[in-house]
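The report below describes a single-chain model. It proceeds from the surface to the sheet and then to the chain as a whole.

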Amino acid sequence: MKYHTLKMEEVNDIMRHLWNKTYQGTDIDGFMIRSEGDGGGTRNSYRYRVVMTKDQVEGDMRGRCSAGQKMLASIIIRLALSDSFAQDCGILGFTALDEPTHVLDVENIEALVASLAE
């Protein structure tokens with residue numbers, strides 16, 4: 001349980017950093033993955049949901065975000081998971097993204113490219 005909590009904090013920190021560097025809009029301050037434990041049985045199971053924040057208020061992203069915002073969030077989630085869980089696997093700096101700029105506007109494409117280049 002402690003490992004899960006630490007990893008979720010790490011993933012959310014990475015996502016916060018990438019979102020702030022990449023997203024060019026002002027309507028969403030950030031987003032994070034929330035997990036809720038099942039609490040049953042000998043194995044822990046979790047339910048995950050992605051929430052966005054604006055002025056320190058959380059809301060579900062589903063049904064409230066544009067296709068571009070969802071795509072950017074999806075890319076950032078994959079990058080954060082890769083950075084957090086694959087950092088000691090000997091495959092440093094490699095993540096495959098299929099059509100990562102599909103439905104993104106020019107400003108967010110340029111910001112994503114700059115973030116990935118760092």
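Y3, L81 and F85 together make a nonpolar surface patch of about 320 Å². Patch members are residues with over 30% relative accessible area and no salt bridge; like charges are joined within 9 Å, and nonpolar side chains (Val, Leu, Ile, Met, Phe, Trp, Tyr) within 5 Å. A salt bridge here is a side-chain nitrogen of Lys or Arg within 4 Å of a carboxyl oxygen of Asp or Glu. Accessible areas come from the Shrake-Rupley method with a 1.4 Å probe, and for residues only the protein chains shown count as cover.

The model is predicted: local features need pLDDT of at least 70 and side-chain atom pairs count only at pLDDT 80 or more, whereas totals for chains, interfaces and linings use all residues. Residues are numbered from 1 along each chain as its sequence is written, and side-chain values use heavy atoms, with hydrogens and water left out.

Within the patch, L81 belongs to helix α2 (residues 67-85). L81 is partly exposed, at a relative accessible area of 35%. The classes are buried (under 20% relative accessible area), exposed (over 50%) and partly exposed (in between), with a 1.4 Å probe and protein chains only. Helices (H or I, at least four residues) and strands (E, at least two) are DSSP runs, numbered from the N terminus.

The strands form an open sheet of 3 strands in the order β1-β2-β3, with antiparallel pairing. At its edges are β1 (30-37) and β3, each pairing on one side only. From one strand to the next, the twist averages 40°. Two strands count as paired if DSSP finds at least two bridges between them. The antiparallel pair β1 and β2 has 8 bridges, and R34 has R49 in β2 as its bridge partner.

Helix α1 (residues 2-22) packs on the sheet, touching β1 and β2, and its direction makes about 165° with that of β1. Axes are lines fitted to C-alpha atoms, for helices over the stretch in contact, and angles run from 0 to 180 degrees between N-to-C directions. One residue of helix α1 is N12, which is buried with a relative accessible area of 9%. Leaving aside residues up to four places away in sequence, N12 touches M32 and I33; contact means heavy atoms within 4.5 Å.

On the other side of the pairing order, β2 and β3 run antiparallel and are joined by 4 bridges. T53 stands opposite E58 in β3. The two strands form a hairpin with 2 residues between them. D55 lies in the loop between β2 (46-54) and β3 (57-60), and Q56 lies in that loop as well. Each has a positive phi although it is a residue other than glycine, as tabulated below.

| Residue | Phi | Relative accessible area |
|---|---|---|
| D55 | near 55° | 57%, exposed |
| Q56 | near 65° | 80%, exposed |

For the chain as a whole, the secondary structure comes to 3 helices and 3 strands. Their order from the N terminus is α-β-β-β-α-α. Of the 118 residues, 32% count as buried. The chain exposes about 7,900 Å², of which carbon and sulfur atoms supply 52%. Among contacts between residues at least 6 apart in sequence, 54% join residues at least 24 apart.
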